[in-house]
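Student: I am new to this structure and would like to know what lies behind the terms used for it. Can we go through them one by one?

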Amino acid sequence: MSEAERRSIEADEARVAREGDRWRARSRRIRFYRRVLPVLILVVAGAALTWTVFRTVMSGVERRASQSQEIRLDNPMFHGQDAQGRAFLVGAQGAIRDPNTGHFRLVGPVLRLNLGGRKVTQMTADGGTYDEGQRKVIIGPNVRISDGGSGFTLTTPEAVVDTRTGVVTGTKGVQGTGPLGTINASSYAIHDQGERVVFQGAGDNKVRGVINPSGSEG
């Protein structure tokens, strides 16, 4: 055997040995992953399931605790007076007092201003909120404001009533109908228990009205 052939054989044996070492190392890694990965998957799945169950239970506890602190009233009536001594009444089909804010969430609210006077402004809506501390009522949607003296009726998405001053305002659009005609505006403000109503436009939405002459004659 020549020296070149001997070196070639030794090189082949060394290459075979290296490949064998790589194969054994790869085999050990595969065996390791086969043992560890299933355990790791079970741990992750168990943690996810435990967290889901924990959050579900805690949400139920928190919801029951919150509900237990709520005060529910059927057909409540809140009476008060504004700064000028004029009476107002805030009624509703139902009211729920939020324990965190102290506000009353109103269902089917009815507001009447200037009770006992010659004119009564009445407001109804689907829902609302009564902040007794700030003496403010926000009602909506489907607000309907009617004035018994003039026969004018306003419909608007929202009305804000300051029970200290008796001023009613809204900035989400308003439509009015009455004996004198109709009017559309972007916002409104009702002062002096309906004696004075201010309509305003915004941008391209101007105040628009139609006068009914026959109605004005009546």
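Tutor: We can start with charge, keeping in mind that the model is predicted. On the surface, a patch of positive charge is formed by Arg26, Arg28, Arg29, Arg31 and Arg35.

Student: What makes this patch positive?

Tutor: Its members are Arg26, Arg28, Arg29, Arg31 and Arg35, and Arg counts as positive.

Student: Why is Arg29 called partly exposed?

Tutor: Arg29 has a relative accessible area of 47%. Partly exposed covers the range between under 20%, which is buried, and over 50%, which is exposed, so Arg29 is partly exposed. Arg29 belongs to helix α1, residues 3–69.

Student: Which residues make the nonpolar surface patch?

Tutor: Phe32, Tyr33, Val36, Leu37, Leu40, Ile41 and Val44 make this patch of about 670 Å². One of them, Leu40, is placed in helix α1.

Student: How do you know that Leu40 can be part of a patch?

Tutor: A patch residue needs over 30% relative accessible area and no salt bridge. Leu40 has 47% relative accessibility, so it passes the area cut-off and counts as partly exposed.

Student: Why is the aromatic pair of Phe78 and Phe104 called tilted?

Tutor: The ring centres of Phe78 and Phe104 are 5.0 Å apart, with 55° between the planes. Pairing needs centres within 6.5 Å, and stacked means under 30 degrees while edge-to-face means over 60, so this pair is tilted.

Student: What does the pair tie together?

Tutor: Phe78 lies in strand β2 (residues 77–81) and Phe104 in strand β5 (residues 104–107), so the pair ties together parts 26 residues apart in sequence. Both Phe78 and Phe104 are buried, and with Tyr130 they form one aromatic cluster.

How values were computed: Residues are numbered from 1 along each chain as its sequence is written. This is a predicted model: local features need pLDDT of at least 70, side-chain atom pairs count only at pLDDT 80 or more; totals for chains, interfaces and linings use all residues. Side-chain values use heavy atoms; hydrogens and water are left out. Rings of Phe, Tyr and Trp (its six-membered ring) pair if their centres lie within 6.5 Å; planes under 30 degrees apart count as stacked, over 60 as edge-to-face and the rest as tilted. Helices (H or I, at least four residues) and strands (E, at least two) are DSSP runs, numbered from the N terminus. Buried means under 20% relative accessible area, exposed over 50%, partly exposed in between (1.4 Å probe, protein chains only). Patches are made of residues with over 30% relative accessible area and no salt bridge: like charges are joined within 9 Å, nonpolar side chains (Val, Leu, Ile, Met, Phe, Trp, Tyr) within 5 Å. Accessible areas come from the Shrake-Rupley method with a 1.4 Å probe; for residues, only the protein chains shown count as cover. A salt bridge is a side-chain nitrogen of Lys or Arg within 4 Å of a carboxyl oxygen of Asp or Glu. The place of a charge is taken as NZ of Lys, CZ of Arg, CG of Asp or CD of Glu.
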